[in-house]
Amino acid sequence: MGVPDADGQGPPDGLPGLPPEWGRVVVPDDASALADEARQVRRELHRDPRRAPRPGPVRIGLPALALLVSVLVTLAGLAAVTWPRSNRSGAPTVLPRTTATPLAVGPLPALDLVGGDDTPVPLRSLLPAMIILVDACTCADQVGTAAAVAPPGVTVVTVTEGRSAGPATVPGVRPLGDPAGGLRSYLHLVAHPGTAAALLVDRRGTLVRLVPELGPATDYRDDLVRLGG
């Protein structure tokens with residue numbers, strides 16, 4: 001099938017212009033004669049290790065996922081701590097320790113509590129007073145200590161949430177009931193089992209000290225003495 005080129009060069013039987021090291025190249029008239037060679041070329045292409053792998057979905061390992069979750073939780077905790085919060089007006093601030101001169105915490109709400117005979121008792125009529133919340137703990141020892149160190153003129157009161165004032169377990173201490181739980185609600189105090197909170201209120205109705213957990217008398221004795229002055 002080959003013919004010489006324009007200059008009369010080239011093999012008389014083959015394709016012109018091909019490198020001589022390729023040898024004699026013959027193109028058959030029927031393309032089906034190259035079927036075996038085509039199959040061989042396809043097999044070699046399938047076995048070629050240099051083929052680029054197909055891109056697949058990106059997978060995150062378990063350690064990387066755990067690290068990502070830890071970072072997100074830490075950032076959420078920092079945001080919750082540093083996020084500005086507005087203070088509720090009128091609510092007293094909890095002071096765990098006293099100072100040399102007690103500072104006013106806030107006004108005592110004008111609540112009517114319930115006495116032992118189910119009669120209403122205005123809380124402000126008992127001032128100055130040390131009010132002990134005993135709905136989570138009777139804490140008879142701590143209440144007795146408070147009654148013993150209270151100066152003359154200062155009323156020691158125990159308050160239980162509910163309509164029942166409870167029995168008078170300590171001499172000189174007046175038990176009262178808080179049917180609506182208004183005192184704890186106003187102070188935003190949560191009752192913790194085994195603990196009793198105390199309020200020190202002067203004769204003007206100012207809450208000068210809030211003791212979240214009633215402990216030894218040395219923690220509040222000075223403030224209690226000032227109430228009677």
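Me: How many salt bridges does the count come to?
Reply: Keep in mind that this is a predicted model, where local features need pLDDT of at least 70, side-chain atom pairs count only at pLDDT 80 or more, and totals for chains, interfaces and linings use all residues. Residues are numbered from 1 along each chain as its sequence is written, and side-chain values use heavy atoms, leaving out hydrogens and water. A salt bridge is a side-chain nitrogen of Lys or Arg within 4 Å of a carboxyl oxygen of Asp or Glu. By this rule, the number of salt bridges is four.

Me: Which residue forms a salt bridge with D202?
Reply: Side chains of opposite charge can pair when their charged atoms come close. For D202, the closest N and O atoms of the pair are 3.3 Å apart. The partner of D202 is R204.

Me: Does R204 count as buried or exposed?
Reply: Let's set the cut-offs: buried means under 20% relative accessible area, exposed over 50%, and partly exposed in between, with a 1.4 Å probe and protein chains only. D202 has a relative accessible area of 10%, so D202 is buried. R204 has 67% relative accessibility, so R204 counts as exposed.

Me: Which residues are linked with D223 in a network of salt bridges?
Reply: D223 forms a salt bridge with R209, their closest N and O atoms being 2.9 Å apart. D223 also forms one with R226, and here the closest N and O atoms are 3.1 Å apart. The network therefore holds D223 together with R209 and R226.

Me: Where do D223 and R209 lie?
Reply: Helices (H or I, at least four residues) and strands (E, at least two) are DSSP runs, numbered from the N terminus. The pair links distant parts of the chain, 14 residues apart. Both residues are buried. D223 lies in helix α5, and R209 in strand β8.

Me: By about how many helical turns are D223 and R226 separated?
Reply: D223 counts as buried because its relative accessibility is 2%, while R226 is partly exposed because its relative accessible area is 40%. The two residues are three apart in helix α5, so their separation is about one helical turn.

Me: How many helices and strands are there in the protein chain?
Reply: Try following the chain from the N terminus: the elements run α-α-β-β-β-β-α-β-β-α-β-β-α. Going through that order, you can tick off five helices and eight strands.

Me: Which residues have the most contacts inside the largest nonpolar core?
Reply: A nonpolar core is a set of buried Ala, Val, Leu, Ile, Met, Phe, Trp, Tyr and Cys residues joined through side-chain atoms within 4.5 Å. The largest one has 22 residues. The elements giving two or more residues to this core are β4 (129–133), α3 (140–149), β7, β8 (206–211) and α5 (221–227). The residues with the most contacts inside the core are M130, I132, L200, Y220 and L224.

Me: What is the separation of the C-alpha atoms of A197 and I131?
Reply: A197 is found in strand β7 (residues 197–201), and A197 counts as buried because its relative accessibility is 5%. Leaving aside neighbours within four places in sequence, A197 is in contact (heavy atoms within 4.5 Å) with residues including I131, I132 and V211. A197 and I131 are 66 residues apart along the chain, and their C-alpha atoms are separated by 8.4 Å.

Me: About how much space lies in the largest pocket?
Reply: Picture a 1 Å grid over the protein atoms alone: a cavity is a set of points where a 1.4 Å probe fits but cannot get out, a pocket is an open set with protein on both sides within 12 Å along at least five of seven lines, and lining residues have an atom within 4 Å of a point. The largest pocket is lined by 13 residues, with V134, T138, T158, P167 and T169 nearest its centre. Grid points are joined across faces, edges and corners, and a volume is the space filled by probe spheres set on the points. For the largest pocket, that space is about 190 Å³.

Me: Which element gives the largest share of the lining of the largest cavity?
Reply: The structure holds two cavities of 30 Å³ or more, and about 40 Å³ of space lies in the largest cavity. Its lining includes L133, V159 and R184. The elements that give two or more residues to this lining are β5 and α4 (182–187). The largest share, three residues, comes from β5.
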